[in-house]
Amino acid sequence: MIDLAPWLGTVPAVVVEKLTSARRVLAVGHENPDADTLGATLAVCRLVERAGASAAAVFADPVPPLYDFLPDVGRARTDPDPNVDYDLLVVSDCGSLDRIGSVVGRHPELFERLPRVVIDHHASNDAIGPADWVEPASAATCEMVALLSARLGAPLDADGAAIATQLMAGIVMDTATFAHPNATPRTLAVSAALVEAGAPLSEISRRLYRSKPDAQLRLFGVVLARLETAAAGRIIHSTLRDADLAATGSTPPYSEGIIDLLAQSDDAEVAILFKEAAEGTRLSVRTKPGGVDATILTGRFGGGGHARAAGATVPLPVDEARSAVLAEAERLVSSLAR
C-alpha cells in the first residue's frame with residue numbers, strides 16, 4: 001500500500017483539532033468553482049460527517065455542468081442553511097478571503113462570527129489566523145486535504161472511493177494531469193494513494209481535459225482566432241467578449257481551458273486571457289518556468305495565485321484593462337535575462 005506517513009506531519013494539529021471538535025461546519029470554496037475547490041470542499045464535508053458532525057458545502061456560484069461527475073456535487077449550495085447554527089467555517093482553495101465571493105456579502109454577520117480554518121495552496125495567500133494552513137508548495141488544495149484525510153484515519157476507499165475521486169479531480173485539474181511543474185514527488189505519492197483507493201484517474205482526466213461540448217469548441221475557435229502578440233512575440237494574449245458566448249451558444253464556464261491553449265506558444269513568456277465581466281475585466285495569466293512571476297503581474301491589479309498561473313479582476317472596461325495590463329507585462333518581460 002502507498003504510505004503517506006512521511007508527510008502527515010505537515011498537517012497542523014490545530015486544523016485536526018478544529019475539524020474533530022466542530023459539530024456544524026460551513027465548508028466554502030471560491031466563486032466560479034473549479035475541480036480543486038469543489039473536491040477539497042466536498043471532501044471536507046465527508047471528513048466532518050465521518051466524525052459524526054454535520055456539514056454544508058457552499059459556493060457563491062452554481063457548479064458548472066463539467067463537474068457533474070463528482071460525488072456529492074448535488075449537495076452544493078449557493079447560500080448557507082438559515083436554520084443551522086454553524087460553529088466552524090472551513091475555507092478551501094481561496095487565495096484570499098474575497099475569493100469566496102458574493103455569498104459573504106449576503107451573510108456578513110455569519111462569516112464574521114465563525115471561527116475559521118483556511119486550507120489553501122496559493123502563494124499569494126497571506127492568511128495568518130491560528131488555524132490557517134497555507135502551503136504554496138502543494139500542487140493542489142486537494143493534495144493537502146488528502147493528507148488531512150490520512151491524518152484523520154479516514155479510509156479513502158469508502159463509499160465507492162468518493163473522497164478519493166473528489167480529491168483526484170482537484171489534483172488532475174491543478175496539475176493539468178501532471179503536466180505542470182507543480183507536480184512533486186509528494187503529489188505523485190498522494191495521487192498514487194488515491195488511485196489505489198479506487199479514484200478513476202483516466203476517466204477524471206478524460207472528463208476534465210479531453211471532453212468538450214461542441215459549443216465550447218466553437219468558443220475556443222473564436223477566441224484563438226483573435227489572438228495577438230506583444231513584446232516581439234514574448235507576450236501572447238486574446239480577449240473573450242460576452243458576445244462570443246451568445247454567438248457560439250456557450251456559457252461562461254466554457255471559457256475554462258482557453259488560457260492553457262494560449263500558454264502553449266513556443267515563443268511567449270506570458271500568456272494572458274482578458275474576459276469581459278460585470279465588474280470589469282477578468283485576467284487569466286500563465287507564464288513559463290524561470291520567467292515572469294504571474295503573481296507579480298496580477299498582484300499589480302489586486303490579484304494573485306501561483307508563480308506560473310494567476311488571475312485578477314480589473315475594474316476597467318476590457319480595452320482599457322488590456323492596455324494597462326500589457327504595459328505592465330511588457331515591463332516585466334523586458335527585465336528577463338533570457
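Salt bridges make a handy way in: a search of the whole structure turns up 20 of them. Keep in mind that this is a predicted model. Beyond the salt bridges, there are two open sheets to get to know, one with five strands and another with six. There's also some empty space to look at, namely one cavity of 30 Å³ or more and a pocket of about 260 Å³ that ranks as the second largest.

**Salt bridges**

- One pair to look up is glutamate 49 and arginine 75, whose side chains meet in a salt bridge at 2.7 Å, N to O.
- Glutamate 49 sits in helix α2, while arginine 75 belongs to the loop between β2 and β3, so this pair ties together parts that are 26 residues apart in sequence.

**The five-strand sheet**

- Reading across this open sheet, the strands come in the order β2-β1-β3-β4-β5, and the pairing is parallel.
- β2 (54–58) and β5 (132–134) take the edges with a single partner strand each, so one side of each has no neighbour in the sheet.
- On average, neighbouring strands here are turned by 15 degrees against each other, direction ignored.
- Zoom in on β1 (residues 24–28) and you'll find it joined to β3 (residues 88–92) by four bridges, with the two strands running parallel.
- Within β3, valine 90 is the residue that stands opposite alanine 27.
- Helix α1 packs on this sheet and touches β3, β4 (116–120) and β5, with its direction at about 130 degrees to that of β3.
- Helix α5 (residues 141–151) also packs on the sheet, touching β3, β4 and β5, and its direction makes about 120 degrees with that of β4.

**The six-strand sheet**

- This open sheet has the order β6-β7-β8-β9-β11-β10, and its pairing is mixed.
- At the edges stand β6 (228–230) and β10 (304–305); each has a single partner strand, so one side of each is left without a neighbour in the sheet.
- Strands β7 (residues 235–240) and β8 (residues 270–277) run parallel, joined by six bridges.
- If you want a landmark for that pairing, take serine 238, whose bridge partner in β8 is leucine 273.
- Helix α13 (residues 318–334) lies across β6, β7, β8, β9 (280–287) and β11 (309–314), and runs at about 165 degrees to β8.

**The cavity**

- The largest cavity has a volume of about 40 Å³.
- Its lining is made up of Leu19, Thr20, Leu47, Val48, Ala51 and Leu152.
- Two elements give two or more residues to that lining: α1 (13–21) and α2 (35–50).
- By type, the lining of the largest cavity splits into five nonpolar residues, one polar and no charged.

**The second largest pocket**

- About 260 Å³ of space lies in this pocket.
- A set of 14 residues lines the second largest pocket, and Met1, Ile2, Leu156, Ala193 and Glu196 are the ones nearest its centre.
- Its lining divides into ten nonpolar residues, one polar and three charged.

Methods: Residues are numbered from 1 along each chain as its sequence is written. This is a predicted model: local features need pLDDT of at least 70, side-chain atom pairs count only at pLDDT 80 or more; totals for chains, interfaces and linings use all residues. Side-chain values use heavy atoms; hydrogens and water are left out. On a 1 Å grid over the protein atoms alone, a cavity is a set of points where a 1.4 Å probe fits but cannot get out, and a pocket is an open set with protein on both sides within 12 Å along at least five of seven lines; lining residues have an atom within 4 Å of a point. Grid points are joined across faces, edges and corners, and a volume is the space filled by probe spheres set on the points. Ala, Val, Leu, Ile, Met, Phe, Trp, Tyr, Cys and Pro count as nonpolar, Asp, Glu, Lys and Arg as charged, and the others, Gly among them, as polar. Two strands pair if DSSP finds at least two bridges between them. Axes are lines fitted to C-alpha atoms, for helices over the stretch in contact, and angles run from 0 to 180 degrees between N-to-C directions. Contact means heavy atoms within 4.5 Å. A salt bridge is a side-chain nitrogen of Lys or Arg within 4 Å of a carboxyl oxygen of Asp or Glu.
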